[in-house]
2 protein chains.
Amino acid sequence: MRVSREKFAENRARILDVAGALFREKGFDGIGVADIMKAAGLTHGGFYGHFESKESLACEASKVLVEKARDRWQEIVDTAEGDPLEALLRHYLSRRNLQSQACVFASLTQEVSRQGARMQSAFAGGLTDLVDVLADIVVGDTPQARRANALATLSAMMGAVILARTMEDANLADEFLAATHRQLSRRAA
Amino acid sequence: MRVSREKFAENRARILDVAGALFREKGFDGIGVADIMKAAGLTHGGFYGHFESKESLACEASKVLVEKARDRWQEIVDTAEGDPLEALLRHYLSRRNLQSQACVFASLTQEVSRQGARMQSAFAGGLTDLVDVLADIVVGDTPQARRANALATLSAMMGAVILARTMEDANLADEFLAATHRQLSRRAA
DNA sequence: ATTATCTATAGATCTATAGATAATGC
DNA sequence: ATTATCTATAGATCTATAGATAATGC
């Protein structure tokens with residue numbers, strides 16, 4: 001059942017997309033190659049024609065997710081009508097990020113500390129990209145002050161979503177998001 | 001090779017202790033029952049005389065770690081010579097928390113979102129305990145303001161450590177800790 | 001006699017590979 | 001002829017259990 005070269009590329013892209021969603025939902029160890037392929041509408045054995053190993057897929061899928069996150073942040077900043085930081089906070093500190101398809105950092109960062117160097121690099125690089133996006137829109141008299149502010153702001157944003165996600169009580173989760181939102185609103189440029 | 005009742009209780013405690021350390025280091029899925037027992041100096045099969053299942057062990061070990069964390073925070077607050085929040089920030093936003101034996105929340109929270117309800121409860125309860133500890137030592141005119149400040153402060157503290165842990169570059173990791181420390185120092189009571 | 005631990009193994013699951021199959025593209 | 005996918009399976013790993021062993025404690 002060979003498919004065309006074009007269809008082959010399509011299949012690869014679909015595997016990456018499906019894997020990104022499943023890894024975020026279940027973690028890297030929570031989903032196997034066979035189930036990822038089934039979700040992509042292919043068979044287990046076909047996987048190794050597309051990727052060298054599961055770890056390799058995890059790296060590539062992570063890179064895609066990390067790049068998408070940065071592009072989305074930049075887009076929100078560029079198209080914000082009012083204060084860009086406020087727009088970003090509204091986007092990030094929302095209930096949408098408490099679902100299974102949440103921010104890749106809010107769902108997978110801790111596992112990354114236990115993975116190989118390649119994956120760790122993808123995540124570390126993605127985080128510094130987000131710091132750069134933030135450094136342009138927070139207050140601060142000097143570039144150093146803005147960078148420090150950006151680092152602290154990113155920590156607070158992701159911490160709030162990560163903690164909110166471990167709360168069973170939706171009201172408590174909302175409290176974490178709201179309190180952090182209010183605190184960070186005062187740091188806009 | 002039966003052991004005394006006293007030794008039995010000792011063995012159970014050691015399994016819990018060893019499991020707590022290994023779960024934090026490798027994650028719940030990163031270590032098996034056999035290796036935990038080996039690290040405790042016992043055999044694989046003996047495990048099921050002490051615990052019903054691996055999940056049950058994970059719950060009990062988590063409860064112990066969560067309680068220990070709260071007690072440690074409370075102790076630091078109670079014995080602080082200067083400002084208690086400053087003492088807590090110094091303790092938490094330190095390199096020690098970037099090692100494998102870090103804060104249980106900084107190393108395992110994200111996995112907990114994918115575990116059973118029992119474990120989620122243990123973590124959620126532990127986090128609200130830490131919020132209560134913080135609410136007594138942060139600034140705010142009303143109890144509501146102090147609680148909101150405590151929620152935002154906890155998010156920032158844990159976010160900083162979690163992000164610092166994913167950085168390969170030690171200098172970048174330190175930057176996250178230092179920037180967050182400086183930002184939060186202004187919220188003391 | 002009771003019971004904590006040990007040895008051995010069943011049963012499930014997961015990654016990766018080998019070889020067959022069938023459609024593409026020179 | 002080449003190659004993308006499929007079927008089938010090897011090999012490793014992990015949880016949990018069954019039955020044997022040997023020390024405790026009534």
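A residue counts as buried when its relative accessible area is under 20%, as exposed when over 50%, and as partly exposed in between, using a 1.4 Å probe and the protein chains only. Helices (H or I, at least four residues) and strands (E, at least two) are DSSP runs numbered from the N terminus.

Some housekeeping before we start. This is a predicted model, where local features need pLDDT of at least 70, side-chain atom pairs count only at pLDDT 80 or more, and totals for chains, interfaces and linings use all residues. Residues are numbered from 1 along each chain as its sequence is written, chains are lettered from A and ligands numbered from 1 in the order in which they are written, and side-chain values use heavy atoms, with hydrogens and water left out.

**Exercise 1. Work out how many residues of H6(B) are buried, then look at Gln110(A).**

Step 1. Go along H6(B): nine of its nine residues are buried, so the helix is mostly covered by the definition above. Phe105(B), Leu108(B) and Thr109(B) are among them.

Step 2. Hop over to chain A, where Gln110(A) sits in helix H5. Gln110(A) is buried too, with a relative accessible area of 4%.

Step 3. List its neighbours, taking contact as heavy atoms within 4.5 Å. Leaving out residues up to four places away in sequence, Gln110(A) touches Phe105(B), Ala106(B), Ser107(B), Leu108(B), Thr109(B), Gln110(B), Glu111(B) and Ile162(B).

Step 4. Check for a polar contact, meaning a pair of N or O atoms within 3.5 Å; within protein, one must be able to donate a hydrogen and the other to accept it, and residues adjacent in sequence count only if both atoms are side-chain atoms. A polar side-chain atom of Gln110(A) is 3.0 Å from the backbone oxygen of Phe105(B).

**Exercise 2. Find the largest cavity and say which residues line it.**

Step 1. Set the rules. On a 1 Å grid over the protein atoms alone, a cavity is a set of points where a 1.4 Å probe fits but cannot get out; a pocket is an open set with protein on both sides within 12 Å along at least five of seven lines; and lining residues have an atom within 4 Å of a point. Points are joined across faces, edges and corners, and a volume is the space filled by probe spheres set on them.

Step 2. Count: there is one cavity of 30 Å³ or more. The largest cavity holds about 40 Å³ of space.

Step 3. Read off the lining: Ala106(A), Ser107(A), Ile162(A), Arg165(A), Thr166(A), Thr109(B), Gln110(B), Ser113(B) and Arg114(B). Helix H5 (104-112) and helix H7 (143-166) of chain A, plus helix H6 (104-112) of chain B, are the elements that give two or more residues. H7(A) gives the most, with three.

Step 4. Sort by class: Ala, Val, Leu, Ile, Met, Phe, Trp, Tyr, Cys and Pro count as nonpolar, Asp, Glu, Lys and Arg as charged, and the others, Gly among them, as polar. The cavity lining comes out as two nonpolar, five polar and two charged residues.

**Exercise 3. Now do the largest pocket: what is its volume, and which helix gives the most to its lining?**

Step 1. The largest pocket has about 380 Å³ of space. It is lined by 21 residues, and the closest to its centre are Arg24(A), Leu65(A), Lys68(A), Ala69(A) and Ala102(A).

Step 2. H3(A) gives the most to this lining, with seven residues.

Step 3. The classes here are 12 nonpolar, four polar and five charged.

**Exercise 4. Describe how the protein meets DNA strand C and DNA strand D.**

Step 1. Call a residue near a strand if one of its heavy atoms lies within 4 Å of it. Strand C has 21 residues around it, with Arg2(A), Tyr48(A), Asn11(B), Thr43(B) and His50(B) coming nearest. Sugar and phosphate make up 68% of the strand C atoms within 4 Å of the protein.

Step 2. Look at the bases of strand C: a side-chain N or O atom of Arg2(A) is 2.3 Å from a base oxygen, and a polar side-chain atom of His44(A) is 3.4 Å from a base nitrogen.

Step 3. Turn to strand D, where the closest of 21 surrounding residues are Asn11(A), Thr43(A), His50(A), Arg2(B) and Tyr48(B). Arg2(B) puts a polar side-chain atom 2.4 Å from a base oxygen, while a polar backbone atom of Val33(B) is 2.9 Å from a phosphate oxygen.
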